[in-house]
Structures are given as C-alpha cells and as structure tokens.
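Visitor: Please put the model up, and then take my questions one at a time.

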Amino acid sequence: MIVINQLTKSFGEFVAVNNLSFDVKPGDVVGFLGPNGAGKSTTMKMITGFLQATSGTVKVCDYDIEENPQAIKELIGYLPEGAPAYGDMTVAQFLDFIADVRGLTGAVKSARLKAVVSAIELESVLYRPIDDLSKGFKRRVGLAQAIIHDPKVLILDEPTDGLDPNQKHQVRRLIQNLSKDKIVIISTHILEEVTAVCNRAIIISDGVKLFDGTPKTLLGKSRYHHAVTVEFAQMPDSVESLVGLAEVSGIEQHDNQVTVFSDNNSIIFNDVFNHIKNQQWQVNGIYAEKGRMDDVFRELTAMGAHR
Amino acid sequence: MNMTHIIFKREFSSFFSTPVAYVFIAIFLIMSGVFTFYMGNFYERGQADLLPFFNFHPWLYLFLVPAMAMRTWSEERKSGTIELLMTLPITTAQAMVGKFLAAWSILGLSLILTFPLWIMVNYLGAPDNGVIFAAYIGSWLMAGAFLSIGICMSALSKSQVVAFILAVVVCFLFVLSGTALVLDVFKGWVPGILLDTIASLSFLQHFEAISKGVIALKDVGYFVILIAAWLYAGLVIIEQKKAQ
C-alpha cells in the first residue's frame, strides 16, 4: 500500500509537484500520465527516496520515507528515467551486483538471476559491457535490475521508451504477468500502454492531479466514446441525415469517413447501422469507437495548462 | 554481504575494467623510478635507504591521486547512476566508505608493487627496514588523505575536470601549508596560534615524521582525522547535490 498525502516539491520558485495525494493498493497497476515536465518523474523520485519532498508525506507499506528510507528502498524495485546503469560492467556483472545489494545469496540468487535473464531475454548480451548495448537493451537491463528481487512495489519511469514494437509488447506482457498482489506504477507517454496494462490511470499536469480512475472511465470522457465511424465506398449526398437520428449529437467528415457522435453516452450503433441499411448506402466498414485516449489526454492537460 | 563490501567490490573491479587502475599503477611505478634514480640521486648518495624514493611521494600523489579520485562521484552524477545507487538500500555513508576503500586499495597495491626497490636496497646495503616499513605506512596514509580530498571535490562537481583541478589546488595547499609560501601570506595579520595550526596541517611535516621511522599517534591520527573529515564533507555535499 502506498499512501501519498499532500506531496509538494518545489525547486526555488518552480513548483514541480503541487499538493498531490493518492493511494495505491496491492494489485493496482497505475499508469502515471502527463505531458513532459508535469512532475511524473519528480513524484517517482520522492516515492523512491531519491528526492526529499518540500512538504507532504509518502508512506510505503506503513513505512514513512523520511523515517525509514532503507526499509522502503528494500521493498521497491525502481527503474529510473533513462535506465542508468554502470556502463563499464557487463550485464552479468551488473545484475550480480544488484542481486548482492538486494541481499540475494546462493541458490536463490542464481535462480532469480536465471529467471530474470530469461524473462527479459538478455542471454545474448550477458557478457557484453552495458556501454556497448543498444538503447533497447539498456532499457531492458534497467528493467531486469528493478525486478531481480521480486519486489512488492515496482516503479518504472518510462519502461518502454526506446523499445521497438516487439520489445514493447514483451515488456507489457512481463508487467501483466507479475503476480496480482503487487503495486506497479508506470509512467509513460504512450497512452495505448495504459489501456494495455493498467487498471488505473492518474493524469497530472503542472504538478497537479487532473484525473484518477480506470482507463475505461478515462475513455468514457472522450467525445469518441460510443461514437460510430463509417467508411463509405462512396460518400452519399444525404449523409447529413445521420444527424437527425435520436441521441446523435453531430457528425464529422473525413475523406470517405464519417464519425457519428453519441449524445449522453448512449449506444447508437444499432440506430446508425439500421439507418445505413435503410438508405442502402454502400459501406466498406462500420465500427464502434471506444474513445480516444490521446483526445482526452490533450483536452485534460490543455485545460490544466490554462488554469 | 555487507553493503560497504559490495560497493567496494564493484568499485574495485571497475578500476580494472576501465583501465584506470592499470594506467595509475604503471605511471606510479615509472614515475617513482624516475624520481628515485634520476632526481633523487639514489646511487650517488651512497646510502642504503629509500629516502629519495619517499621524498617525492607527496608530489607524485599531488597529480595522480586527484586524477584517480575525480570520477568517484562526478561520473555517478553525470551518467545518472547516482539515482540508481541512492534508491538501492545502501546508505550514502556506506557508498562513500566503499568507494574510498576501493581507491585506497589501488593506492596500496601500487605501493606494494614498488617492493623490488626495497629488495634492491637490501641487496646493496643494510638499511633500517623498520624505517622503510614506517615510511610505507606513512605514504599510504598520506595517499588516503589526498584521496579523501579528491573524493570530496568530486562530489562538488559533475565535471571531472573541475573536480580534478579543485582537488589539485586543495591538495597543494595541504602539502605546502607548513612552508614559507603559504605561511608568509598569513604572517603578520593572523594570531600566532592560528599560524601554528596552519603550519601543523602540513602533509609534509607529518609524512616526514612518520618516514623517519616513528609511527606516532599524533601523525597517524592527523591523517585518519583528515580522511574522516573530508569524507564526511563529501557525504554532506553529495546528499545536498545528488539530484541536481
């Protein structure tokens, strides 16, 4: 359990994190979202004990970060921004060093090392200096380092930054496969990631919390939520007639595409579908929209910037 | 395993995986040879001792030790690994001591590797081996003091070059603080007792006292306290500056 209460961090005049409060329960996989400079990394640095808060408290599993930082550091696995690692060491040496620090010994240590190396597929680079690795591999070494002691709390600052689509998929699968009683906090710019792995999303901007809820609720805020997009073979002249349907708030045209927006979150797919059938329009495709994450994100954070 | 020990192990092997240790040891051995035989007139003096060898150590350390110490914290801060280190369950003090001991061991190793000189002087004459042993201990302690200054300066700046220059300047002041060059600046306007204090901070004085064969508590204590004080200062600095 992580309890963050009225956390504030300022650097001189600049307030990076402003009165931020939230709880995270075991089993929560939190997607921590926000534009660059929103205070995501700063918050993570305070939870992991790297930065001292200007005011407010951080509690991890009943330990206070001010009073008992070592105990908290033992519980947390942390991937800092940019995945820093000792470049002169080989991957094997580096992971061995981290395992030592994490207090792993003997058979447990070799078993954990083996499990992590195979889960993150580091076998091919195990004996190469970290300095010589590609960006993607460096990131994965950072990830391996964070999970080596099977931590109760996992904090990952942009874990998929710089990875190719296959590697991203792999990292997401890894996070999904973590046991269900862990606390995971992931910061990311990639919104699809949140729907893919998180069961909770927190959006901050300028250090202020703007949204805290499930990714589904977040999608519900989108004007594309329950909208229907139709791809026409040829755009019919009377397409405007769609606006006349019950509970349709409006339409938007793009080339041969029309998006029909729903009013009050009602499901309008059937009505639209029947209307198209009645009009005998030729369509190439028709699908229901779930909502567009980037749309909501822009709307929320732009609002935040204007306050 | 103890955290200090783990840090020590990592730092020590890192000295060898980056060629720092090899370069340092090679240069140290070559330079001390050059100093002993050419500038110290080892043969011409006709005395069976290692005085010409030890006399140049402060000057050798003045440049070599800051060069070795400069990366200690600068590199951690520059590459961002300090965030990793400080969020592992390691205290800053453990990291500091581990780093210091690793570099100090390399210095000790360099000194040990000058053993052919000791054998040679025993072959050529009958030196007082007790004095030589004391001088080795004194030299190692003094190297530790240089090192702790270098590590503290490395905590101050992300730039290794700045750390190096600062360390050389501070070390230079400590080497010379008993000489006229430094004392003349203070003479006349500082009270005598402060002048004595400044004079007594000299590396040279304490090192010479030990290398005469007397391992006195006062001289050993001086170096030990100095090491502890500079490392503590470095600790305070790095706690303040780690995130900048």
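Visitor: On the other side of H12(B), which residues are exposed?
Guide: This is a predicted model, in which local features need pLDDT of at least 70 and side-chain atom pairs count only at pLDDT 80 or more, while totals for chains, interfaces and linings use all residues. Residues are numbered from 1 along each chain as its sequence is written, chains are lettered from A and ligands numbered from 1 in the order in which they are written, and side-chain values use heavy atoms, with hydrogens and water left out. Exposed means over 50% relative accessible area, buried under 20%, and partly exposed in between, with a 1.4 Å probe and protein chains only. On the other side of H12(B), the exposed residues are Ile193(B) and Asp196(B).

Visitor: Why are the buried residues of H12(B) on the same side?
Guide: Helices are DSSP runs of H or I with at least four residues, and strands are runs of E with at least two, numbered from the N terminus. In H12 of chain B, residues 192-200, the buried ones are Leu195(B), Ile198(B) and Ala199(B). They are on the same side of H12(B) because the arc they cover around the axis is only 100 degrees. The arc is that of the directions from the helix axis to the C-beta atoms.

Visitor: Which helices do the buried residues of H12(B) pack against?
Guide: Contact means heavy atoms within 4.5 Å. The partners, both in chain B, are helix H11 (180-186) and helix H13 (203-211).

Visitor: How many disulfides does a search of the whole structure find?
Guide: A disulfide is a pair of cysteine sulfur atoms within 2.5 Å. The sulfur of Cys198(A) has its closest cysteine sulfur 19 Å away, in Cys61(A), which is too far for a bond. For Cys171(B), which is buried at 0% relative accessible area, the closest cysteine sulfur is in Cys152(B), at 10 Å, again too far. Over all chains the search finds 0.

Visitor: Where does Thr8(A) lie, and is Thr8(A) buried or exposed?
Guide: Thr8(A) belongs to strand E1 (residues 2-11) of chain A. Its contacts, leaving aside neighbours within four places in sequence, include Val15(A), Met46(A) and Ser55(A). With a relative accessible area of 15%, Thr8(A) is buried.

Visitor: What distance separates the centres of domain 1 and domain 2 of chain A?
Guide: Chain A is divided into domain 1 (2-220) and domain 2 (228-289), with bounds from an automatic or database domain assignment. Taken over C-alpha atoms, the separation of their centres is 43 Å.
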